[in-house]
Amino acid sequence: MSPELQQYYEDRLSMMSTKAWKQLIEDLLDMRTQYENIRTCDKDTIEFRRGQVDILDYIVGLKDLSEKAYEELNETNI
């Protein structure tokens with residue numbers, strides 16, 4: 001792994017270890033719960049709502065995704 005890539009992941013994981021990140025994730029999970037209720041959507045907004053949930057899922061899962069990628073990159077350098 002290049003030093004630049006290593007620094008990228010270390011910075012990202014450091015950010016995701018903060019209290020502020022954890023609070024953000026809690027807020028996003030609350031939003032996702034609200035957005036998952038598609039019963040109130042008409043046919044024109046359901047795809048937009050689905051996109052919102054997809055983006056929230058991505059952000060909520062970003063820490064796990066980053067940790068796994070970092071671990072895999074470190075394993076290939078051993």
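This note comments on a predicted model of a protein chain, point by point.

1. Confidence. The model is predicted, and the average pLDDT of the protein chain is 89. A score of at least 70 is reached by 97% of the residues. Among the elements of the chain, helix 1 (residues 3-15) has the highest mean pLDDT, at 93, while helix 3 (residues 46-76) has the lowest, at 90.

2. Secondary structure. The protein chain contains 3 helices and 0 strands. Its pattern, read along the sequence, is α-α-α. Helix 2 covers residues 19-36.

3. Overall dimensions. The C-alpha trace of the protein chain spans about 50 × 25 × 15 Å along its principal axes. The radius of gyration of the chain is 17 Å, whereas a compact globule of 78 residues would have one near 12 Å.

4. Burial and surface. Of the 78 residues in the protein chain, 18% are buried. The accessible surface of the chain amounts to about 6000 Å², and carbon and sulfur atoms contribute 53% of that surface.

5. Contacts across the sequence. Consider the contacts in the protein chain with a separation of 6 or more: 69% of them join residues 24 or more positions apart. The residues discussed in points 7 and 8 provide individual cases for the student to inspect.

6. Charges. The protein chain carries 10 positive and 17 negative charges. The mean positions of these two groups are 7 Å apart.

7. Ser66. Is Ser66, a residue of helix 3, buried or exposed? Ser66 counts as buried because its relative accessibility is 1%, and the cut-off for buried is under 20%. Leaving out residues up to four places away in sequence, Ser66 touches Tyr9, Arg12, Leu13 and Met16. One of these partners, Tyr9, lies 57 residues from Ser66 in sequence, yet the C-alpha atoms of the two residues are 7.0 Å apart in space.

8. Tyr35. This residue is located in helix 2. Its relative accessibility is 22%, so Tyr35 counts as partly exposed; that class lies between the buried limit of under 20% and the exposed limit of over 50%. Which residues does Tyr35 contact, leaving aside its neighbours within four places in sequence? They are Arg49, Gln52, Val53 and Leu56. Gln52 is 17 residues from Tyr35 along the chain, and 7.4 Å separates their C-alpha atoms.

9. Thr76. Like Ser66, Thr76 is found in helix 3. Thr76 is exposed because its relative accessible area is 61%, and the exposed class begins over 50%. How far apart in space are Thr76 and Ile46, C-alpha to C-alpha? The distance is 42 Å, with their positions 30 residues apart in sequence. Helix 3 itself runs over residues 46-76, so this C-alpha distance relates the two end positions of that helix.

Terms used: Residues numbered from 1 in each chain as written. Predicted model: local features only at pLDDT ≥ 70, side-chain atom pairs only at ≥ 80, totals over all residues. Heavy atoms only, no water. pLDDT = per-residue confidence, 0-100. Helix = DSSP H or I, 4+ residues; strand = E, 2+ residues; numbered from the N terminus. Rg over C-alpha atoms; globule rule 2.2 N^0.38 Å. Buried < 20%, exposed > 50% of the residue type's maximum accessible area, 1.4 Å probe, protein only. Contact = heavy atoms within 4.5 Å. Areas by Shrake-Rupley, 256 points an atom, 1.4 Å probe, with all protein chains shown as cover. Lys, Arg positive; Asp, Glu negative; His and termini not counted. Charge placed at Lys NZ, Arg CZ, Asp CG, Glu CD.
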